[in-house]
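The following explanation leads the reader through a two-part subject, from an internal strand to the contacts that join the chains. Please keep the sequence and the structure in view while reading.

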Amino acid sequence: MRYLPHTREDIAHMLKVVGVDRLDDLFPTVPDGCLRHEALDLPEPLTEWELDDHMTALSGRGECVSDGAPVPRNFLGAGRYDHFIPESISYLLGRSEFSTAYTPYQPEMSQGTLQAIYEYQTLTARLLGMEAANASLYDGASALAEGLLMATRITRRKKVALSRLIHPHYRQVVQTYLDPAGLEIVELPFLENGRTDVSGLQGVDDLAAMAVQSPNFWGCVEDLGTMGDMCRENGAFLITAFTEPLAYGILKNPGSQGAHIACGEGQSLGIPQWFGGPGLGMFACKAKYMRNMPGRLVGQTLDKQGRRGFVLTLATREQHIRREKATSNICTNSSLCALSAAMYMASLGGTGIRELARLNYDKAAYLKETLRQAGFQIPFASPCFNEFVVEFPPDFEATYNRLLKKNMVAGLPLSPWYPELKHHYLLCVTETRTRADMDALVKEVAS
Amino acid sequence: MNKPLAPTGLNLDEPLLWEMGKEGRTGFSMPRRDVESFPLDDDLAGEGPDFPDLNEMGVVRHYTRLSQWNFGVDTGMYPLGSCTMKYNPKINEKVSQLKGFAGLHPMLPAGMTQGALRLMVELERFLGEITAMDVVSLQPAAGAQGELAGMLLIHAYLKSRQMKRNKIIIPDTAHGTNPASAALCGYRPVRVASGEKGILTPEAVARVMDEDTAGIMITNPNTLGLFEEHIEAIAHIVHDKGGQVYCDGANMNAIMGMVHMGRSGVDVLHLNLHKTFATPHGGGGPGAGPVCVAKHLAPFLPVPRILEENGIYSLSEDFPQSVGRLHSFFGNFGVMIKAYAYILSMGAAGLKESSQLAVLNANYIKEKLKSVLHLPYDRPCMHECVFSDKFQRDRKITTLDMAKRLMDFGFHPPTIYFPLVVDGAIMIEPTETESLEEIDRFIEAIRMVAAEAVESPDLLRGAPKRCRVERLDETLAARRPCLMG
């Protein structure tokens with residue numbers, strides 16, 4: 001087998017040095033009761049060529065795909081976004097010095113990873129208007145959970161408020177993480193305009209944190225400034241989550257609006273959709289909370305000759321040093337995805353990100369306006385970024401299913417998570433959808 | 001191979017991104033604008049981030065040069081104990097980038113994602129078979145998240161039997177993530193010391209196991225590279241008092257096809273796909289940490305779960321006793337593809353042979369180096385062996401010094417200062433993909449470093465000398481943290 005270099009002679013020589021006769025004799029310490037005698041019941045091994053064929057066939061498998069395209073033309077967002085990824089990035093990620101390297105615990109031979117992640121931290125902090133960003137967490141959902149736990153650690157308060165307009169999956173993950181800690185979660189309802197209703201928090205002074213998502217699950221941009229003021233008054237953390245960081249190419253960033261922690265999903269920044277994972281948990285905060293952050297941090301320093309270099313730092317927060325008193329249990333993170341994001345942000349540049357964000361905004365606005373003119377209801381008045389909600393007629397499901405067979409996905413039905421929104425669909429438009437795509441969609445749904 | 005020391009080569013400097021760039025450059029092909037501009041509220045409009053503008057070749061050169069400052073498994077041997085730095089097959093990379101996988105949105109109707117769902121179900125079955133456990137969840141994003149899942153499962157199971165327990169037993173050889181994960185679940189770790197053979201004794205466990213203890217987190221093989229021989233008796237003691245056995249399966253590479261985890265008394269274990277199943281480490285991640293459970297814990301597994309009926313797959317959250325969701329969607333599918341492809345390439349015999357050769361390589365190194373480095377447990381090891389710097393201490397040379405000098409010989413150092421039970425620990429895991437020649441070169445390099453420790457210790461104290469930078473000031477980095485430019 002091409003991954004196993006040992007020849008029969010190699011094995012014989014090594015067995016002799018070790019002092020046993022056969023490979024099976026290398027396991028004298030495994031008691032009989034633990035031994036496995038039956039062979040593993042796994043498929044016959046495939047050659048590289050058979051594997052390629054098998055995977056290609058598997059990746060094309062979907063009942064509804066009728067025009068031969070492996071991936072449908074869809075208008076789906078909801079936490080995972082279809083964006084163009086420059087070929088230069090895919091190419092650079094193939095450099096195995098990056099992908100086959102370990103965590104940079106030996107910094108002298110890992111300066112590539114370390115400088116690249118330091119750059120990622122910097123670009124992330126600048127994007128979110130923050131003063132410190134970590135080297136990544138798993139995904140947006142766990143990043144939000146970690147942010148809330150961090151706020152409770154610092155404030156020593158046991159109650160958090162969570163907007164109902166945060167991604168439903170994120171709220172589920174938060175519940176899973178916060179349950180064992182015995183923390184109280186208060187749900188914030190929504191307003192008619194599609195934003196979060198924070199009025200119920202006036203005067204509440206035992207809150208560790210208030211968490212909102214902006215743009216929220218319905219694509220609406222939240223009024224972070226007002227929330228920032230409120231949190232400052234009652235000593236709570238404002239935690240801003242996000243699923244679409246590209247929005248901050250044209251919107252005011254969370255840090256400028258009073259957020260203490262900004263955390264969310266970075267998949268839009270050069271990472272494929274990959275059926276939902278791996279993601280990129282982006283996590284940033286104000287400088288004074290640096291020592292309370294979860295996850296790895298890369299810092300700048302000097303070597304013996306006074307040359308600039310980078311190392312993992314403030315490790316006393318982490319599990320391998322602090323164990324049960326660590327700020328988080330995280331070890332393996334999403335480093336290669338962070339690298340992808342840095343490459344993407346570097347390729348796009350400051351000018352490019354403004355232009356691309358504006359393009360997303362305008363395309364979504366075009367589809368929204370075109371649907372409105374075709375007679376469909378746009379229920380929420382708040383401004384959006386690249387996602388918005390449409391209320392289709394009650395019998396829309398038949399149309400929706402008809403379009404699936406044409407490889408067109410007319411958004412995501414919202415009723416499973418918001419039963420009061422019976423006929424509402426969440427549509428997303430990124431730079432990957434053309435005017436022709438959008439016109440075709442409107443024509444189909446209107447017919 | 002001419003000389004043992006790594007030769008020098010041309011290695012170029014590279015500034016930070018914002019030290020380069022000129023406004024107006026771009027490295028991105030802006031898509032065509034085919035819609036008009038719509039108004040944007042002044043209240044919401046921001047300035048955009050302060051990013052440098054770079055051209056495409058500038059970006060490519062930047063990262064190409066940075067990559068040349070790095071060392072990966074493809075560069076050379078990486079004998080990090082408990083990390084299993086084995087070869088990452090390139091065909092697995094390719095298939096993970098197939099459009100039908102990479103471009104798949106997780107919220108598409110199930111009818112459009114049957115291939116992906118089938119892959120996950122098959123992988124669940126493969127991992128269940130390899131560990132001899134009943135049911136698997138692929139959702140946890142890393143080993144530590146798998147450990148958290150395990151803790152939550154045990155907590156939920158005990159709760160369903162009206163039991164509320166506050167403690168969990170954790171051996172002194174445990175990885176730091178173990179107590180950290182237990183703490184996240186509200187369990188107080190109770191430390192149990194390994195015996196003189198480097199493994200847990202039933203007596204020691206019995207002394208601390210009581211009705212306020214949820215169970216034990218045991219790593220098997222453990223971080224000393226030794227099989228926990230008393231696992232069956234220990235499981236019995238824990239079960240007897242109503243507790244559960246969690247196994248940290250990070251070291252699974254030693255025992256594929258050899259050990260029946262279920263029969264050994266384990267109730268739940270996690271695997272690391274980025275270790276045993278050859279998916280790349282990526283400089284720190286992403287990985288994946290699936291959990292494998294015995295039947296009685298299955299109702300509590302994270303949701304959603306994948307159901308199959310007559311060859312049609314669907315996702316379901318209809319599991320009222322589930323501990324909930326851990327991941328935004330279903331787990332790290334992009335990583336799962338690679339592990340799946342690896343298992344399909346190796347087959348049953350291939351995986352068993354991999355474990356046997358991993359163990360052979362480690363024992364060979366142990367025999368060859370035990371006269372050079374102090375070996376605290378001179379017993380048959382599994383896929384890794386642990387030495388210490390005891391022989392070098394009288395020269396005031398430490399494990400750290402030896403590790404730094406090893407870099408000058410072209411090797412990534414082994415894991416150092418872990419496990420904590422060995423002072424100055426040096427944990428060596430070669431994996432099965434290293435050849436005899438490479439291992440002999442490694443052994444020779446260690447011998448030379450040990451000789452230098454006696455004859456010219458300053459070479460070690462001043463090491464590394466052949467990397468891009470010399471030893472870095474970690475104290476300065478922590479005292480005056482500079483985390484961004």
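In this predicted model, a suitable starting place is strand β5 (residues 244-248) of chain B, in which 5 of the 5 residues are buried, so the strand is largely enclosed by the rest of the structure. The enclosure applies to both faces of β5(B): B:Gln244, B:Tyr246 and B:Asp248 are buried on one side, and B:Val245 and B:Cys247 are buried on the other. In a regular strand, side chains alternate between the two faces of the sheet. The neighbour to consider is strand β4 (residues 213-219) of chain B, which runs parallel to β5(B) and is joined to it by 5 bridges. One of the residues in this pairing is B:Gln244 of β5(B), the bridge partner of B:Gly215.

Chain A offers an antiparallel arrangement. Here an open sheet of 3 strands follows the order β11-β14-β13, with antiparallel pairing. Its edge strands are β11 (387-391) and β13 (412-413) of chain A, each of which pairs on one side only. Between β13(A) and strand β14 (residues 424-428) of chain A, the antiparallel pairing extends over 2 bridges. Within that pairing, A:Leu412 stands opposite A:Leu426 in β14(A).

The discussion now turns to the interface. The size of an interface is often given as the accessible area lost when the parts come together. For chain B and chain A, the buried area is about 17200 Å², and carbon and sulfur atoms give 64% of it. Of the area that chain B buries against chain A, B:Phe51, B:Tyr63 and B:Leu483 supply 5%, more than any other three residues. In terms of residues, 206 of chain B are in contact with 186 of chain A.

Polar interactions also cross this interface. Between chain B and chain A, 89 residue pairs are in polar contact, counting pairs with both residues at pLDDT 80 or more. On the side of chain B that touches chain A, helix α9 (residues 333-369) of chain B gives the most, with 28 residues. The residues of that side divide into 108 nonpolar, 57 polar and 41 charged.

A local view of contacts that reach both chains is given by A:Ser334, which lies in the loop between α9 (319-322) and α10 (335-373) of chain A. Is this residue, A:Ser334, buried or exposed? A:Ser334 is buried, because its relative accessible area of 1% is under the 20% limit for that class. Leaving aside residues up to four places away in sequence, A:Ser334 touches A:Ser136, A:Leu137, A:Tyr138, A:Gly279 and A:Leu280, as well as B:Gly285 and B:Pro286.

Charged pairs form the next topic. Side chains of opposite charge can pair when their charged atoms come close. A search of the whole structure finds 46 salt bridges over all chains, and across the interface of chain B and chain A the rule finds 9. One of the salt bridges joins the side chains of B:Arg33 and A:Asp362, at 2.7 Å from N to O.

Another salt bridge brings together the side chains of B:Lys404 and A:Glu108, at 2.9 Å from N to O. This pair crosses between chains, from B:Lys404 in helix α10 (residues 399-407) of chain B to A:Glu108 in the loop between α4 (96-99) and α5 (111-128) of chain A. Both partners are withdrawn from the surface by the criterion used here: B:Lys404 is buried, with a relative accessible area of 4%, and A:Glu108 is buried, with a relative accessible area of 2%.

Salt bridges within a chain complete the account. The side chains of A:Glu187 and A:Arg171 meet at 3.5 Å, N to O. Because A:Glu187 lies in strand β4 (residues 184-188) of chain A and A:Arg171 in helix α7 (residues 168-178) of chain A, this pair ties together parts that are 16 residues apart in sequence. A:Glu187 is partly exposed, with a relative accessible area of 49%, whereas A:Arg171 is buried, at 15%.

A:Asp303 likewise forms a salt bridge with A:Arg307, and their closest N and O atoms are 3.1 Å apart. In this pair A:Asp303 is buried, with a relative accessible area of 6%, while A:Arg307 is partly exposed, at 37%. In chain B, salt bridges that share partners join B:Lys366, B:Glu367, B:Lys370 and B:Asp378 into one network.

How values were computed
Residues are numbered from 1 along each chain as its sequence is written. Chains are lettered from A and ligands numbered from 1 in the order in which they are written. This is a predicted model: local features need pLDDT of at least 70, side-chain atom pairs count only at pLDDT 80 or more; totals for chains, interfaces and linings use all residues. Side-chain values use heavy atoms; hydrogens and water are left out. Contact means heavy atoms within 4.5 Å. Buried area is the accessible area (1.4 Å probe) that two parts lose on being put together, summed over both. A salt bridge is a side-chain nitrogen of Lys or Arg within 4 Å of a carboxyl oxygen of Asp or Glu. A polar contact is a pair of N or O atoms within 3.5 Å; within protein, one must be able to donate a hydrogen and the other to accept it, and residues adjacent in sequence count only if both atoms are side-chain atoms. Helices (H or I, at least four residues) and strands (E, at least two) are DSSP runs, numbered from the N terminus. Ala, Val, Leu, Ile, Met, Phe, Trp, Tyr, Cys and Pro count as nonpolar, Asp, Glu, Lys and Arg as charged, and the others, Gly among them, as polar. Buried means under 20% relative accessible area, exposed over 50%, partly exposed in between (1.4 Å probe, protein chains only). Two strands pair if DSSP finds at least two bridges between them.
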